[in-house]
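Me: Please take a close look at one pairing in this model, then work outwards from there. I'd like one connected walk-through, with the cut-offs spelled out as you go.

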Amino acid sequence: MIYPRSHRIRTVPVARPFLHYLLASLLIAGVLGLPETRTANAEDPLPETIQQGRRVSLVQSVEPSFRVDPVVQRLLGRRGETLPFSFELASTGKVMNLEVRPVNLRQEESGIILHDDQSEPAEGVTFTSPTEFVLGPGEKVKIEGTIKVPLTRTNYISFGLLVRDSGQLDRGNNDNVDDGTVRAAIRFVTQYVLRVDIETGEQDVGDMDQLFFDHAELVEKNGLPFVRAYLTNPTPFALESQVRASLVDSSGRDTDPVRLNMASRATLPDEQKYLVRIMPLSRLRLEGPIDGAIATGNYGLEVKLSNGRRVMVKRSFPITIDSSGYRGMRTKLVTLPDGISVHPTQIELGRVAGTERMTTLHLSNHGEQPREIELIPKDYQGNLIQDVMLSSKKFTLKPGRTQTVRAMLRGANETDYQWGTIAVSSDDNQTDLDLALVHGTRPEMRLVPGEIQWANLPSGNAFVIKIENQGEAFEPLFAELKIAATSGHPLDLSEGFGRWLPPGKTRELQFYVPDRTPPGSYQIILKVTSRDDALVADRTLVLELTEEMLRPSQLISR
């Protein structure tokens, strides 16, 4: 037999986070910096503990040799119009030989735009300022010119300009060096890819209908369902649009549309975030979270590309959804084996601030047979709760239909807080919805965290922590775990998702790490919160993940 294995991890105080040093190259918004040279004398005496060998100290000092403002200039213009542009360059303290030239642009799937030296730049750029010049310490200079908007019927055009420092190096630190000195230096070149984006306001975009979606699917990200679609532009023109997606069930009903965005614009404000700008001959990966409840079943994933209010491209992809595969959905929806789905799964009614006296339940039949539905509110001891009134307690739910049931708190109660469930039965199947009644003051929160452990579980390797509710009320759990290696981007994992923990119960939060996580040193930062952002656990530790710990659980036998 195969058994899960766990390792107890002791928390280690950490004075500061890992520092990530980039010794070969540094990319900051397309900028490469220029470090200084540092020297170490080979004849300097070595520490007593080191009697052999030579040591060279490498000290990194990296900064851009100049800065540009703005990096992207956005203009409005009509077809055939000539528009001026201007960028200001400021030296950071070195003498530089700079050159500027137009370049073609290419786009990655994430939406990031880079320069392309393999193809000819677009025509229409004219410089009115020098294209080669010297920039002294503390000096500023402007790159100026004009762009003629092409006659192409497109609503968006982007021109690229490459500004590059030829890499002149101040050799003052290397003059008059003594014999035997060992020198080490890394030479970087600063360059900026500037863009001039032009919105033409063109409504009749003849080539937009040539764009197409070649693939779309529903993926899991941190326990929640995300729509992922791929958009291809086979035309030689840049285009601007918006993309939405929705799920259509077998009866033809669709969900609220999900707005999709490029990864490169994920942190922008809403209206800018959902602007999809695709370069010529490019393919984009677009994503968006589904916020509502999704029942298990077969759907059509329909994606639409629009120019304003006009839909230009539409395609549907058949998919099958298992709602139990999304851990974050447990707080929103539950599906019974016979195809009955119910949401929400957590119901709070009350007479105090921050609560509502009434809420609505939604029950849907995704099966092929009518089902007899019954709802019964009970307290945690199994007794009927008289203070909750349901608009419908027993009814027949036909295939493809949805029934709404209003739950209302009535009368007065001397008890401050009650908790229990609403039992939902469908023929021979049953599920329980968590029910909390707040009549007065909430009980004191008493959530007790355990130790962080490493576990080889049947479904993968994970960091785990147990939370015990020693209080007398339901308490929601929200958890975030950040995993940082000595290099690369940190990994953010979510758990809890606001799911209530009943009084007297213990739940294990599981943060699954990717299957291909390499062995090495890692910093782990865990934060668990509950109602009103109350802090439950805040842990930081450093540990070594070994090959044995990362071994798949299927290979671990009794």
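Reply: Ile 483 stands opposite Leu 491 in β36. The strands β35 and β36 pair in the antiparallel sense, over eight bridges. Strands here are DSSP E runs of at least two residues, and helices are H or I runs of at least four, numbered from the N terminus; two strands pair if DSSP finds at least two bridges between them. Bear in mind that this is a predicted model, where local features need pLDDT of at least 70 and side-chain atom pairs count only at pLDDT 80 or more, while totals for chains, interfaces and linings use all residues. Residues are numbered from 1 along each chain as its sequence is written, and side-chain values use heavy atoms, leaving out hydrogens and water.

Zooming out a little, this pairing belongs to an open sheet of four strands in the order β36-β35-β38-β39, with antiparallel pairing. Its edges are β36 (491–501) and β39 (535–545), each of which pairs on one side only. Neighbouring strands in the sheet are turned by 15° against each other on average, direction ignored. For angles like that, axes are lines fitted to C-alpha atoms (for helices over the stretch in contact), and the angles run from 0 to 180 degrees between N-to-C directions.

Within that sheet, β38 covers residues 520–529 and contains Gly 520. Gly 520 has 15% relative accessibility and therefore counts as buried (buried is under 20% relative accessible area, exposed over 50%, partly exposed in between, with a 1.4 Å probe and protein chains only). Setting aside residues up to four places away in sequence, Gly 520 touches Leu 543, Glu 544 and Leu 545; contact is heavy atoms within 4.5 Å. The C-alpha atoms of Gly 520 and Glu 547 are 8.8 Å apart, although the two residues are separated by 27 positions along the chain.

Now for another set of strands. β30 (residues 417–426) is mostly covered, with nine of its 10 residues buried. Strand β26 (residues 371–379) runs antiparallel to β30 and is joined to it by seven bridges, and Lys 378 has Thr 421 in β30 as its bridge partner. Strand β31 (residues 429–438) is also antiparallel to β30, with 10 bridges between them; there, Trp 419 stands opposite Ala 436. β30 and β31 make a hairpin with two residues in between, and Asp 427 in that turn has a positive phi of about 55°.

Trp 419 also leads into the aromatic pairs, and there are six of them in the count. The rule takes rings of Phe, Tyr and Trp (its six-membered ring) with centres within 6.5 Å, calling planes under 30 degrees apart stacked, over 60 edge-to-face and the rest tilted. Phe 85 and Phe 127 are one edge-to-face example, at 6.1 Å centre to centre with 85° between the planes. That pair links distant parts of the chain, 42 residues apart: Phe 85 is in strand β5 (residues 82–91) and Phe 127 in strand β8 (residues 125–127). Phe 85 is buried because its relative accessibility is 3%. Trp 419 and Phe 474 have ring centres 5.4 Å apart and planes at 80°, so their pair is edge-to-face too. They sit 55 residues apart, with Trp 419 in β30 and Phe 474 in the loop between β34 (460–469) and β35 (475–485). Both Trp 419 and Phe 474 are buried. Ring pairs join them with Tyr 380 and Trp 500 in a cluster.

What about the packing elsewhere? The largest nonpolar core has 35 residues, and Phe 213 and Leu 305 touch the most other members. A core is a set of buried Ala, Val, Leu, Ile, Met, Phe, Trp, Tyr and Cys residues joined through side-chain atoms within 4.5 Å. β21 (310–321) is among the strands that each supply at least two residues, and β21 gives the largest share, five. Leaving aside neighbours within four places in sequence, the contacts of Phe 213 include Leu 231, Val 243, Leu 305 and Phe 317. There is a second, separate core of 27 residues, including Trp 454, Ile 465, Leu 477 and Ala 479.
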